[in-house]
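Dear colleague,

I am passing on the structure we talked about, together with some notes that I made while going through it. Please read them with the coordinates open beside you.

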Amino acid sequence: MVQQTIAIRTNGKKLHNITRQVEAILLQSGIKMGLCNVFLRHTSASLIIQENADPDVLADLETFFRKLIPEDASQYRHISEGVDDMPSHIRSALTKTSETIPIANGKLALGTWQGIFVWEHRNLGHTREVLVHITGC
């Protein structure tokens, strides 16, 4: 069993690919078969598995969420941390804060076009903590 935290510095509202950082922890662990749980310790960002080849997919996701969850202070009571804060909490609630990925032959069993992303929902950058927990043999 291995547990390690990754600090991800975001630079505003976008998806940040963390697949390589998680793969590096798995490689160091020596585990060949098991499960890798990735958990984001925040409520205004999320963690998703998504397309890792065509950046248009990520741009389209951001556009869709921008339309679905507007940054309009008149729609929310919680505005003390900025107009983007409550929308970021809603985005996080509609997505995920954790993912579990099988490990096969010492590698994450992701599909060909899948990557692990931290999705920053705030306008300004933050340092986000991702806890990676690997169990197996």
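In which sense, parallel or antiparallel, do strands β3 and β5 pair, and over how many bridges? The model is a predicted one, and in it β3 (residues 34–40) and β5 pair in the antiparallel sense over 6 bridges. Two positions help to fix the register of this pairing by eye: Phe 39 has Ser 98 of β5 as its bridge partner, and Cys 36 stands opposite Ile 101 in β5.

Strand β3 also pairs with strand β8 (residues 127–136), again in the antiparallel sense and over 7 bridges, with Gly 34 standing opposite Gly 136 of β8.

Strand β5, for its part, pairs with strand β6 (residues 107–108) in the antiparallel sense over 2 bridges, and in this pairing Ala 104 stands opposite Lys 107 of β6. The hairpin that β5 and β6 make has 2 residues between the strands, and Asn 105 takes a positive phi there, near 55 degrees.

The side chains of β5, which runs over residues 98–104, alternate along the strand. Glu 99, Ile 101 and Ile 103 point to one face and are buried, whereas Ser 98, Thr 100, Pro 102 and Ala 104 point to the other face and are not buried. Ile 101, the residue that Cys 36 of β3 stands opposite, is therefore on the buried face of β5, where Glu 99 is found as well.

Turning to the loops, I would draw your attention to His 121, which lies in the loop between β7 (114–120) and β8. His 121 counts as buried because its relative accessible area is 1%, and the cut-off for that class is under 20%. The side chains of His 121 and Arg 91 are joined by a polar contact of 3.3 Å. Leaving aside residues up to four places away in sequence, His 121 touches Lys 13, Ser 44, Ala 45, Ser 46, Asp 84, Ser 88, Arg 91, Ser 92 and Thr 95.

On the surface, finally, Phe 64, Leu 68 and Leu 94 form a nonpolar patch, with about 320 Å² of accessible area together. Phe 64 has its place in helix α2 (residues 55–68), and this residue counts as partly exposed because its relative accessibility is 48%, a value in between the cut-offs of 20% and 50%.

With best regards

Note on methods: Residues are numbered from 1 along each chain as its sequence is written. This is a predicted model: local features need pLDDT of at least 70, side-chain atom pairs count only at pLDDT 80 or more; totals for chains, interfaces and linings use all residues. Side-chain values use heavy atoms; hydrogens and water are left out. Buried means under 20% relative accessible area, exposed over 50%, partly exposed in between (1.4 Å probe, protein chains only). Helices (H or I, at least four residues) and strands (E, at least two) are DSSP runs, numbered from the N terminus. Two strands pair if DSSP finds at least two bridges between them. A polar contact is a pair of N or O atoms within 3.5 Å; within protein, one must be able to donate a hydrogen and the other to accept it, and residues adjacent in sequence count only if both atoms are side-chain atoms. Contact means heavy atoms within 4.5 Å. Patches are made of residues with over 30% relative accessible area and no salt bridge: like charges are joined within 9 Å, nonpolar side chains (Val, Leu, Ile, Met, Phe, Trp, Tyr) within 5 Å. Accessible areas come from the Shrake-Rupley method with a 1.4 Å probe; for residues, only the protein chains shown count as cover. A salt bridge is a side-chain nitrogen of Lys or Arg within 4 Å of a carboxyl oxygen of Asp or Glu.
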